[in-house]
Amino acid sequence: MRTLKVFYVVMIALLLFISLAGCKPAATATPAPAPTEKPKMTYEDLTVGFIQTGSEGGWRAANTASFKETAEQLGINLKFYDAQNKLENQLSAFRNFIADKEVDVIILAALETTGWEEVLKEAQAAGKVVVIEDRRIDAPDTLFATYVGSDFAEEGRKAADEMCKLLEGSEKKNVVELVGNVGSSAAKDRGQGFREKMGDCGITIVESQTANWDVTQGKQVMEAFLNKSTDVQGVFAQNDEMGLGAAQAIREAGLTPGVDIKIITVDATAGAFKGMIAGDINTVIECNPLLAPQVYEAALKAVNGETIPKWVKSQEGVFYAKDAETILPTRKY
Ligand code: AHR
């Protein structure tokens, strides 16, 4: 009996030894190498190709400065391209940035909404991240990382609501519209938004024409409208410069801007605040040009494969002439 017990003990000990001999303590096992995670890029690693529309006025100058200054602050290598307001220049610059091995991200402020699908597909095939800023485009949002910009239709709706307030009690509500560059999302959507709401108080758009975001053209187009008829109670100017031009034309027609003819503009640049303080402009719908920090943040997340929303919407307000003097000193652009 005793021998048998010894035999079992020996066997168990043997089995234990064999099994323990098999497994080395964790510390020593060399783990299989983890797949090499691409190190996260930082702002200093980023090279950005930026395609701007071209000069258009105070808003555009502030937008450009926002990108140049913020790139400087973050250490981003910025390749800035000014398309001189020509769509063909934007398309060729886009292809140049696709071909540029240094460029990680292409940022586009599109002059027009259409014509982008092809180059977007080329950029995607070349592994470039594309961020649309300021102006939305008509292309599937699978072809770009995100759009950072305003709800232009909402700006148009706000403008109609404010024009209704200004023309309250007015027997007639004939409004003329000064439109931005034809084909741009800003011009299309602001016009559409205004038309969505103008019926609330019986506004009629009696004239509508582009003045290309420009003060001189704004004046000339308004002069032409007034030569045809001075039976106008309001001006919806799709940006500040065109509204300031319209005010000059109204004054030269012997009428008082802001009184005989109400003026609403979009942007809220310093020029508009001075126009409100002078009594020429009644109300201003804000459109924020200082988009660079949000755009660069989204771009960095995109190159690092992080999920980002397809639309990063700007937060914007409405300003009234009565508050302009107080607010102007606080404005950044
Ligand atoms: O896209 C924004 C528009 O472009 C601004 O309202 C206008 O001033 C600018 O030129």
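**Exercise 1. Work out whether Ser314 is buried or exposed, and find its polar partner.**

Start with accessibility: Ser314 has a relative accessibility of 8%, so Ser314 counts as buried. Here, buried means under 20% relative accessible area, exposed means over 50%, and partly exposed is in between, with a 1.4 Å probe and protein chains only.

A quick word on the model before we go on. This is a predicted model, where local features need pLDDT of at least 70 and side-chain atom pairs count only at pLDDT 80 or more, while totals for chains, interfaces and linings use all residues. Residues are numbered from 1 along each chain as its sequence is written, and side-chain values use heavy atoms, with hydrogens and water left out.

Next, place the residue: Ser314 is in the loop between strand E11 (311-313) and strand E12 (318-320). Helices (H or I, at least four residues) and strands (E, at least two) are DSSP runs, numbered from the N terminus.

Last, the partner: a polar atom in the side chain of Ser314 lies 3.5 Å from the backbone nitrogen of Ser150. For a polar contact you need a pair of N or O atoms within 3.5 Å; within protein, one must be able to donate a hydrogen and the other to accept it, and residues adjacent in sequence count only if both atoms are side-chain atoms.

**Exercise 2. Find which cysteines form a disulfide, and say what the pair ties together.**

Step one is the count: searching the whole structure turns up one disulfide. The cut-off is a pair of cysteine sulfur atoms within 2.5 Å.

Step two is the pair: the sulfur atoms of Cys164 and Cys201 are 2.1 Å apart, and these two residues form the disulfide. The torsion about their S-S bond is about -80 degrees, so this disulfide is left-handed.

Step three is location. Cys164 lies in helix H5 (residues 152-166) and Cys201 in the loop between helix H6 (185-197) and strand E7 (204-210), so the pair ties together parts that are 37 residues apart in sequence. Both Cys164 and Cys201 are buried.

**Exercise 3. Describe where the ligand sits and which side chains have polar atoms by its oxygen atoms.**

First, the site: the ligand sits in the largest cavity. Two elements, helix H2 (58-74) and H6, give two or more residues to the shell around the ligand.

Now check the side chains:

- Arg135 has a polar side-chain atom 2.6 Å from an oxygen atom of the ligand.
- Arg60 has a polar side-chain atom 3.0 Å from an oxygen atom of the ligand.
- Asn239 has an N or O atom in its side chain 3.2 Å from an oxygen atom of the ligand.

To finish, look at cover: the ligand has 280 Å² of accessible area on its own, and the protein covers 100% of that.

**Exercise 4. Find the sign of phi for Asp134 and Ala268, and say where each residue lies.**

Recall the usual pattern: most residues other than glycine have a negative phi.

Take Asp134: its phi is near 70 degrees, a positive value in a residue other than glycine. Asp134 is in the loop between strand E4 (129-133) and strand E5 (146-149), and is buried with a relative accessible area of 3%.

Then take Ala268: its phi is near 75 degrees, again a positive value in a residue other than glycine. Ala268 is in the loop between strand E9 (262-267) and helix H9 (270-277), and is buried with a relative accessible area of 0%.

How values were computed. Areas by Shrake-Rupley, 256 points an atom, 1.4 Å probe, with all protein chains shown as cover. 1 Å grid on protein atoms, 1.4 Å probe; cavity = no way out; pocket = protein on both sides within 12 Å on 5 of 7 lines; lining within 4 Å. Sits in = over half its atoms within 2 Å of the grid points.
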